[in-house]
Amino acid sequence: MDKQGGESRRIILHTPEDFEGMRRAGALAAACLDMITEHVRPGVTTGHLDQLCHDFMVERGAVPATLGYRGYTKSSCISINHVVCHGIPGERVLLDGDILNIDVTALLDGWHGDSSRMYVAGTPSTKARLLMDVTYESLMRGIAMAKPGNTFGDIGHAIQTYVEKHRFTVVRDFCGHGIGRKFHAPPNVLHFGRPGEGAKLAPGMFFTIEPMVNAGRYEVKILDDGWTAVTRDRSLSAQFEHMIGITETGCEIFTLSPAGLHKPPYAA
Ligand code: MF3
Ligand code: CO
Ligand code: CO
């Protein structure tokens, strides 16, 4: 794909009414991530957490968009410790010190609300806490670059420089994405890059920013289940995801936590 024209032409510019649809879908995903917070503790299975997310979305008129998506059969992705993303919920029991990403996408009235946060079971290591803090801050620095006239390269560069300043690494094999009536749409939103590179941001663009940050090297591999991505060196990995819409003056974050539960540690 060519860098500017070819891809930017295919990025949809949405209307004010479309913003309203995304606001509702994003708020539902965020409320689901709020709801799950108090359930994350040692002794619970990831399958139980997935069921709670499923029921929360369905009870509010949404469909978990991951259900049946390219053969995926769960309502969330739950990625523990060295799992980078797309961990499949199941019988795994959370242990004291585990850090985990929970990623949900609610399909509500035709609009997709996609967001993820980190959680902890019990007490995480100092290193794990730093990794989560740096990952969250890198996402917010990327979002700070999201305004008309800037480019996708500006976003990636802001994320990458902050992460590497802390001697962590940005995963290259997964990226953010356009979103809206479709779950995954153009463009690919890279979490690394150079200032001024890539398509220009314009009002009405909807996309996610969802950096995956590793404590060790950035290489990943996919396990035999065809989904679970892990760090090749088995180092810890963290991720946060927000969904935003570009406005005339900056951006609107559709997936802010209604309860203010942005990142660990969450109040007991
Ligand atoms: N929610 C993920 C994202 O941020 C996609 C998960 S697709 C699944 O793009 F099939 F793995 F669930
Ligand atoms: Co996403
Ligand atoms: Co997601």
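In this predicted model, a polar side-chain atom of Glu241 is placed 2.9 Å from an oxygen atom of ligand 1. Another oxygen contact of ligand 1 is made by His184, a polar side-chain atom of which lies at a distance of 2.8 Å, while Asp103 brings a polar side-chain atom to 3.1 Å from a nitrogen atom of the ligand. When ligand 1 is taken alone it exposes 340 Å², of which the protein buries 96%.

The position occupied by ligand 1 is the largest pocket. The ligand is surrounded by 14 residues, among which Thr66, His177, His184, Glu210 and Glu241 come nearest. By character, the shell around ligand 1 comprises five nonpolar, five polar and four charged residues.

Glu241 and Asp103, which both contact ligand 1 through polar side-chain atoms, also take part in metal binding, since the cobalt ion (ligand 3) is coordinated by two OD atoms listed for Asp103, by Asp114 (OD) and by Glu241 (OE), at 2.0 to 2.3 Å. Along the chain, the donors of this cobalt ion (ligand 3) are spaced according to the pattern D-x10-D-x126-E. The site of the cobalt ion (ligand 3) has six donor atoms, and with angles among them that range from 59 to 167° it is irregular. A second metal, the cobalt ion (ligand 2), is found 3.3 Å from the cobalt ion (ligand 3), and Asp114 coordinates both ions.

Conventions. Residues are numbered from 1 along each chain as its sequence is written. Chains are lettered from A and ligands numbered from 1 in the order in which they are written. This is a predicted model: local features need pLDDT of at least 70, side-chain atom pairs count only at pLDDT 80 or more; totals for chains, interfaces and linings use all residues. Side-chain values use heavy atoms; hydrogens and water are left out. A residue is near a molecule or strand if one of its heavy atoms lies within 4 Å of it. A polar contact is a pair of N or O atoms within 3.5 Å; within protein, one must be able to donate a hydrogen and the other to accept it, and residues adjacent in sequence count only if both atoms are side-chain atoms. Accessible areas come from the Shrake-Rupley method with a 1.4 Å probe; for residues, only the protein chains shown count as cover. On a 1 Å grid over the protein atoms alone, a cavity is a set of points where a 1.4 Å probe fits but cannot get out, and a pocket is an open set with protein on both sides within 12 Å along at least five of seven lines; lining residues have an atom within 4 Å of a point. A molecule sits in a cavity or pocket if more than half of its atoms lie within 2 Å of its grid points. Ala, Val, Leu, Ile, Met, Phe, Trp, Tyr, Cys and Pro count as nonpolar, Asp, Glu, Lys and Arg as charged, and the others, Gly among them, as polar. Donors are N, O and S atoms within 2.8 Å of the metal (3.2 Å for Na, K and Ca); water is not among the atoms, so sites may look incomplete. Four donors count as tetrahedral if all angles lie between 85 and 135 degrees; four count as square planar and six as octahedral if opposite donors are over 155 degrees apart and all others between 65 and 115; anything else is irregular.
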